[in-house]
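Here's a quick walk through this model, pocket by pocket and core by core. Have a look at the structure first, then read on.

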Amino acid sequence: MPELPEVETTVRGLKRTIVGHTINDVRVVGNSHKLLRSHEHGPFLEIVGGGRIEDVRRRAKNVIIDLDNQHSILIHMRMSGHLLVASSQYQVTSEGKWQVKGPTGNWQPTTGNSPFADPKNQFIRIVFELSDGIILALSDLRKFATVDLFNTNALAKHLEQKYGPDPLEKTFTLDWFSQELKRRKRTIKPLLMDQAFIAGVGNIYADESLWKAKVHPLTRSDALSQSDARALYSAIRAVLSKGIALGGTSDDDYRNVAGEKGKYGLTRMAYRRAGEKCARCNTVMKRMVVGQRGTSFCPHCQKKI
DNA sequence: ATTTAGACCTGTCAGC
DNA sequence: TGCTGACAGGTCTAAA
């Protein structure tokens, strides 16, 4: 998924639904062996079990769940992971599929239009059983997602040294951004996606930002003019804000905590639009590979410098 | 300092 | 219908 807008949408959903609840049990489904990256299941459960969820927040593309015992759970959803919250009417089978309580109290497969029947939500890898029967579950088709456990203070240092500024925070200023673009000699698209530079931009919003700012994805960062830098700075913030406002992009697996799709994909201007016409100039958009990532751009609007 | 290739996984879709 | 290859919201490591 999960770039900044998708993770932010998830975090906002979790704030409304799981804060204040206690973690009663943690169940890893099947052989999702590498999921709990820094802990075995036993020690993980030992620390997390009985913990009360104090807060849920985001840093870069990470979901952070703060407990009342000096520990924080760090979840990174990578490509296909997303978190779902269900009421006690639902349960997860040993195959990682959802079941819903039927009229006679029996468990049956989810069907029809229920978000919990969506095939993208049927790849549950870990289940957190919370107080009041609430379920927090991670669905992740590709099994790249990771769950880590940190001492909350240690986590702050870890995040600080690993990530650059969040483009929607005050620490991300135009002066700093344009200065850094000049100082570095990197290809602009991979630079925007470098989490140590700025945190939260991925393949979708990089393409969208470059298109909006009329910058070719292969431009060297130090070749950008001051006005290019300003355009890109504004574009990044506008595109990410719009992504959040529309609840993220769900062209692939991403779903919000209720299992529903985000709407950014319906209005995207560049991402996966190769072969379609540019919304600005009607030129047919092209696809190329940059930094091993599929990249769509308008060859007319986004000229290589 | 920066780029590239390969790994990690599983599913879908286009093309033959 | 069945197979094969390309492609998919990310990050990490090693090597050039």
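## A pocket to start with

Let's begin with the second largest pocket, whose lining is made up of N31, S32, H33, K34, L35, R125, D140, K143, F144, A145 and T146. Keep in mind that this is a predicted model. The pocket's volume comes to about 160 Å³. Sort the lining by class and you get three nonpolar, four polar and four charged residues.

## Around the DNA

Some of those names come back once you turn to the DNA. H33, K34, K143 and F144 line the second largest pocket, and they are also among the residues around DNA strand B. The rest of that surrounding set is F123, L141, R142, R184, K185, R186, T187 and Q292. On the DNA side, sugar and phosphate make up 64% of the strand B atoms that come within 4 Å of the protein. By class, the protein surface near strand B counts six charged, three polar and three nonpolar residues.

Which atoms of K185, R186 and T187 lie by a phosphate oxygen of DNA strand B? For K185 it's a backbone N or O atom, 3.0 Å away. R186 uses a polar side-chain atom at 2.7 Å from a phosphate oxygen of the strand, and T187 likewise has a polar side-chain atom, at 2.8 Å from a phosphate oxygen.

## Two nonpolar cores

Now for the inside. In soluble globular proteins, nonpolar side chains tend to be buried together. Here the largest nonpolar core has 30 residues, and V63, I65 and I73 touch the most other members. Leaving out residues up to four places away in sequence, I73 touches I23, V48, V63, I64, I65, L67, F128, V147, D148 and L149. Another core, of 28 residues, lies apart from that one; V215, L240, I244 and Y271 are among its members.

## One cavity

How many cavities of 30 Å³ or more does the structure hold? Just one. The largest cavity has a volume of about 40 Å³, and its lining consists of S178, L181, K182, L224, S225, Q226 and A229.

Definitions and conventions:
Residues are numbered from 1 along each chain as its sequence is written. Chains are lettered from A and ligands numbered from 1 in the order in which they are written. This is a predicted model: local features need pLDDT of at least 70, side-chain atom pairs count only at pLDDT 80 or more; totals for chains, interfaces and linings use all residues. Side-chain values use heavy atoms; hydrogens and water are left out. A residue is near a molecule or strand if one of its heavy atoms lies within 4 Å of it. A polar contact is a pair of N or O atoms within 3.5 Å; within protein, one must be able to donate a hydrogen and the other to accept it, and residues adjacent in sequence count only if both atoms are side-chain atoms. Ala, Val, Leu, Ile, Met, Phe, Trp, Tyr, Cys and Pro count as nonpolar, Asp, Glu, Lys and Arg as charged, and the others, Gly among them, as polar. A nonpolar core is a set of buried Ala, Val, Leu, Ile, Met, Phe, Trp, Tyr and Cys residues joined through side-chain atoms within 4.5 Å. Buried means under 20% relative accessible area, exposed over 50%, partly exposed in between (1.4 Å probe, protein chains only). Contact means heavy atoms within 4.5 Å. On a 1 Å grid over the protein atoms alone, a cavity is a set of points where a 1.4 Å probe fits but cannot get out, and a pocket is an open set with protein on both sides within 12 Å along at least five of seven lines; lining residues have an atom within 4 Å of a point. Grid points are joined across faces, edges and corners, and a volume is the space filled by probe spheres set on the points.
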